[in-house]
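Work through the exercises below with the model open. Each task is followed by a stepwise solution.

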Protein chains: 2
Amino acid sequence: MRQFKKQARVILIDDNYDHLAGVRELLSMERSFDVVAATTSANQGINLVKKHKPDVVLMDMNMPEMNGLQAIQEIEELGLDTKILALSAYDDADLIFRAMKLGAKGYVLKTMAAPQLIGAIEEVANGKVYMPPILTARFFDYFQKSFKEEKIAQQKAQDSNYLSDLTPREEEVLDLLTQGITYKGVAQQLFISETTVKTHVNNIFQKLQVSDRTQAVLYAINNGFLNRKKLKKMMNKE
Amino acid sequence: MRQFKKQARVILIDDNYDHLAGVRELLSMERSFDVVAATTSANQGINLVKKHKPDVVLMDMNMPEMNGLQAIQEIEELGLDTKILALSAYDDADLIFRAMKLGAKGYVLKTMAAPQLIGAIEEVANGKVYMPPILTARFFDYFQKSFKEEKIAQQKAQDSNYLSDLTPREEEVLDLLTQGITYKGVAQQLFISETTVKTHVNNIFQKLQVSDRTQAVLYAINNGFLNRKKLKKMMNKE
DNA sequence: ACCGATGTAGACCAAAAGATTAACAAACGG
DNA sequence: CCGTTTGTTAATCTTTTGGTCTACATCGGT
């Protein structure tokens, strides 16, 4: 059955003419591919994609006029089911990460052997994701590092903040403040007098070392007060 | 040289005793591994990790008492350079994603053939990331889907918000408001009178359909006003 | 039984915020 | 050239907010 499958229609975009020609030559010898267009210009490439709606685009990342990431983004925004295989001379983790984030279905290096490249395009044409093991490792290193940093930053914010000084009641009041509710509204929701709300709010200001509600709300947001609330809810559920 | 390398010290944590015993048996035949401990309890496993500080932990994901993700998190928080290889019977994309996010150095399936498993542990012991191609594909699908959804949500927020109705000057004022600055302060920073600031703020309220500064700030934050500012800065730079 | 923390509340005052109306100049678009 | 948008300012007024001080009830721990 499989040998009767339609040829995968491919467009090549690579500002290096020699490499472009080389890949075109290579693919022309494979009967499973039909290179419908090839260009050294990213802008022109995007137009060709619009016109031909190919199955696969082999997209160089390092182009002068337009960055390959932008090109990927624009093609993805067309909403076609064209699969993009990113191509680069370098194994830059950040570039790989961002290309995949934008929806690239794979990432290959120019240094890869021809059979591997063919294989990669085939995989992608068949709707799979292709990533060589070396890049997978790079990707995950970067992926984990970025999450670790995010976590450390959050941790730091949690540790050195005054939110933990608040009493339960004050937390309730702050919660309502972060919803943009006035004294009167808070008083009604908590069934207490407006004066009491004011007292609480004043205490909150002192504890958070701010001088008005807007700053208090900003402080709460910047220091993960909202996240904390969600966590507490989750804890109670489980 | 390589054959003189120290054995990798491994701890196995798997609530299925049969599988645990099987893997232990398998690894005992490999001279490159030294299984220093094995347990069916996640809690006990964590204590064993603290005690032995192994090179690699093979961690089952589906355990009754404690979720494998929590166990990974706790071990990672110890700050050792113990590498965790996650192990599961199922190829659940969300689980894979979260395990890697928490710092797992690889993910293997219980259905994998013995030589593959050996290879995976070796890779991880050598500081590399190991992920079988099938799971790589699953991972990236999930990864891209989650970013796509995020983007769509942002897009939606961008489209149906009133922030784009603001004039440049009003944006400047709102920017300062989101920093918790008073009328007087804004007036000083923009070299205009306090009255003018009030006029701008009033216009902002009407355009954003809110009735006080706190709500305006919350609206701005929830609708990506701060992100937009960053984007504009980036545009100017490049 | 006392003390401290918490939650409640009132009075009073000052400052800031917000609403409304009116006005004028500059820039921009048709 | 004229109308609209934008940015500016003033005067006035009401509402809300924030600060301070005092007071009382409750609860938990020493």
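**Exercise 1. Size up the interface between chain B and chain A: how much area is buried, and which three residues of chain B supply the most?**

Step 1. The area buried between chain B and chain A is about 2,500 Å². Buried area is the accessible area (1.4 Å probe) that two parts lose on being put together, summed over both. Carbon and sulfur atoms give 68% of it.

Step 2. Phe140(B), Gln144(B) and Thr214(B) supply 22% of the area that chain B buries against chain A, more than any other three residues.

Step 3. Count residues in contact, meaning heavy atoms within 4.5 Å. The result is 31 residues of chain B against 31 residues of chain A.

Conventions: this is a predicted model, where local features need pLDDT of at least 70, side-chain atom pairs count only at pLDDT 80 or more, and totals for chains, interfaces and linings use all residues. Residues are numbered from 1 along each chain as its sequence is written, chains are lettered from A and ligands numbered from 1 in the order in which they are written, and side-chain values use heavy atoms, with hydrogens and water left out.

**Exercise 2. Find the polar links across the interface, then state which helices of chain B touch chain A.**

Step 1. There are two salt bridges between chain B and chain A. The criterion is a side-chain nitrogen of Lys or Arg within 4 Å of a carboxyl oxygen of Asp or Glu. One of them joins Glu77(B) to Lys151(A), with the closest N and O atoms 3.9 Å apart.

Step 2. Six residue pairs are in polar contact, both at pLDDT 80 or more. A polar contact is a pair of N or O atoms within 3.5 Å; within protein, one must be able to donate a hydrogen and the other to accept it, and residues adjacent in sequence count only if both atoms are side-chain atoms.

Step 3. On chain B, helix 3 (68-77), helix 4 (93-101), helix 6 (133-159) and helix 10 (213-222) each give two or more residues to the side that touches chain A. Helices are DSSP runs (H or I, at least four residues), numbered from the N terminus. Helix 6 of chain B gives the most, with nine residues.

**Exercise 3. Describe the surface near DNA strand C: which residues are closest, and which helix gives the largest share?**

Step 1. DNA strand C is surrounded by 18 residues, each with a heavy atom within 4 Å of the strand. The closest are Thr167(A), Arg169(A), Ser193(A), Thr195(A) and Asn202(B). Sugar and phosphate account for 69% of the strand C atoms that come within 4 Å of the protein.

Step 2. Check individual pairs. A polar side-chain atom of Thr167(A) lies 2.3 Å from a phosphate oxygen of strand C. For the side chain of His200(A), an N or O atom is 2.9 Å from a phosphate oxygen. Lys198(B) reaches a base oxygen instead, at 3.1 Å from a side-chain N or O atom.

Step 3. Helix 9 of chain A supplies the largest share of this surface, four residues.

**Exercise 4. Repeat the analysis for DNA strand D: which helix gives the most residues to the surface near it?**

Step 1. Here, too, 18 residues surround the strand, and the closest include Asn202(A), Arg213(A) and Thr167(B). Sugar or phosphate holds 68% of the strand D atoms within 4 Å of the protein; the rest belong to bases.

Step 2. Phosphate oxygens of strand D lie 2.2 Å from a side-chain N or O atom of Thr167(B) and 2.6 Å from one of Arg169(B). For Lys184(A), the distance is 3.4 Å.

Step 3. Helix 9 of chain B gives the most, with four residues.
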